[in-house]
Every structure is written in structure tokens, then in C-alpha cells.
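Grab a pencil and open the viewer. Here are a few exercises to work through by eye before you read the solutions.

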Amino acid sequence: MRVLVVEDAWRLAEAVAEILRGEGWSADVATDGARGAELAAAGAYDCVLLDVMLPVMGGLDVLRGMREAGDATPVILVTARDAVPDRVAGLDAGADDYLVKPFHAEELLARVRAVCRRPRAIEGGEVHIDIAFVAAPTSDCMGNCRGVGGKSDCGSLGYAMTDAKYADH
């Protein structure tokens, strides 16, 4: 796993990077928002740990820029700002999680693992799924839907074609 740490407190940034490396992950460090934005745009990271209060460019501005550019990389805001309005602002700006300093290494690692487990958005076009159609076959199915191995599979995601004209699927 490759993680970008954007933190202006150099010692903390390096300590976090070492914790990540101790898990066998790769970690890059940026100590200001502009450099963090540059690295995030250029690199393929699995997660970004982003401080809010950064020199040159604030963390929320970095985050908004990433989201406006279509970057869906999971971002965990790591900050001393613990007020509820700050948390809400960070999450509304596009953060996937919010961790208040000081924190325990175990919690940081668990949060990184958690956001990296989440599926990423599908890219390359629009996908529309009618959940009612997929989850609940209509009464006219008559067992004509074919799933894996040709078995009747009415109601299974991807095989919920219940109209007779789709019986060959």
C-alpha cells in the first residue's frame, strides 16, 4: 500500500511515515499543502493522510482540489481541530474520515485499512441500476432467467431479466 502523509510538523510526519513503513507500506511525506497537492496529483496513492492547518495551502483546499479533479483517493484528515463544526466541514469537503490529534498508532492504522477496504467509484461511464428491478423479480418471470451454468437465477444481481424477450440471457 502507498500512503501520502501531508503534515507540516516534520517530526510527526516522519513518525507517521515510519509507523506506515513498519506495516510494510510505502509512505511519502509533504510538509506543506502545495507540495501535498502536487504529490497527490502526480502519484497513485492508496490513501492520503492530510493535516488541515498547513502552510502555503490549507488542507481543506488540497482536499477540495483533489475532489474537483476527480481524484477519489481516500483521504483521512489528521488534525488537532476537534470541534464538531470542523469535523463536519472536513467531511463535507470530501474527507473519508477524520482523526483528531493526538492519536494512537493502532487507531491510525485501523482507519487507513478501513478506508482502503471501501470500494472505489467505477470510472469510464455511467452505470444505472434499478434496485427494485434487480432485487425483486416480477411475477411474470416463469423461471426463464439464466444465471451461471444455465440455472434459473431469478433475482440475482446481473441476471434479473424477467421479461420473456430476455430469456436467452
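The exercises below go from the sheet to its central strands, then to the cores and the cysteines. Keep in mind that this is a predicted model.

**Exercise 1. Work out the order of the strands in the sheet, and find which strands stand at the edges.**

Step 1: Line up the strands. There are 5 of them, they form an open sheet, and the order reads β2-β1-β3-β4-β5. The pairing is parallel.

Step 2: Look for strands with a single partner. Those are β2 (26-30) and β5, so one side of each has no neighbour in the sheet.

Step 3: Check the twist, which averages 20° from one strand to the next.

Step 4: Zoom in on the β2 end. β1 and β2 run parallel and are joined by 5 bridges, with V3 opposite A27 of β2. Helix α1 (residues 10-22) packs on the sheet here, touching β1, β2 and β3, and its direction makes about 170° with that of β2.

**Exercise 2. Trace the chain from β3 to β4 and on to β5, and give the handedness of each crossover.**

Step 1: Start with the β3/β4 pair. Strand β3 (residues 47-50) pairs with β4 in the parallel sense over 3 bridges, and L50 has L77 as its bridge partner in β4. To get from β3 to β4 the chain goes through helix α3 (residues 59-68), and this β-α-β crossover is right-handed.

Step 2: Move on to the next pair. β4 and strand β5 (residues 97-100) are parallel too, over 4 bridges, and T79 has V100 as its bridge partner in β5. This time the chain passes through helix α4 (residues 84-92), and the β-α-β crossover is again right-handed.

**Exercise 3. Decide how well β4 is covered, and on which faces.**

Step 1: Count the buried residues. In β4 (residues 75-79), 5 of 5 are buried.

Step 2: Sort them by face. Remember that side chains in a regular strand alternate between the two faces of the sheet. On one side sit V75, L77 and T79, on the other I76 and V78, and all are buried. Both faces of β4 are covered, then.

**Exercise 4. Find which residues touch the most other members of the largest nonpolar core, and which elements contribute to it.**

Step 1: Pick out the best-connected members. This core has 19 residues, and those touching the most other members are L4, V6, V48, L50, L63, V75 and L77.

Step 2: Map the core onto the fold. Two or more residues each come from β1 (2-6), α2 (33-42), β3, α3 and β4. The top contributor is α3, with 4 residues.

Step 3: Follow one member, V75. Beyond its neighbours within four places in sequence, V75 contacts V48, L50, L63, M66, R67, A95, D96 and D97.

Step 4: Don't miss the second, separate core of 18 residues, which includes L20, W25, I76 and L109.

**Exercise 5. Explain why C47 and C116 do not form a disulfide.**

Step 1: Search the whole structure; the count of disulfides is 0.

Step 2: Check the distance. The closest cysteine sulfur to that of C47 belongs to C116, at 4.7 Å. A disulfide needs the sulfur atoms within 2.5 Å, so this pair is too far apart for a bond.

Step 3: Compare their surroundings. C47 is buried, with a relative accessible area of 0%, whereas C116 is partly exposed at 26% relative accessibility.

How values were computed
Residues are numbered from 1 along each chain as its sequence is written. This is a predicted model: local features need pLDDT of at least 70, side-chain atom pairs count only at pLDDT 80 or more; totals for chains, interfaces and linings use all residues. Side-chain values use heavy atoms; hydrogens and water are left out. Buried means under 20% relative accessible area, exposed over 50%, partly exposed in between (1.4 Å probe, protein chains only). Two strands pair if DSSP finds at least two bridges between them. A crossover is right-handed if, with the strands pointing away from the viewer, the path from the first strand over the helix to the second runs clockwise. A nonpolar core is a set of buried Ala, Val, Leu, Ile, Met, Phe, Trp, Tyr and Cys residues joined through side-chain atoms within 4.5 Å. Contact means heavy atoms within 4.5 Å. Axes are lines fitted to C-alpha atoms, for helices over the stretch in contact, and angles run from 0 to 180 degrees between N-to-C directions.
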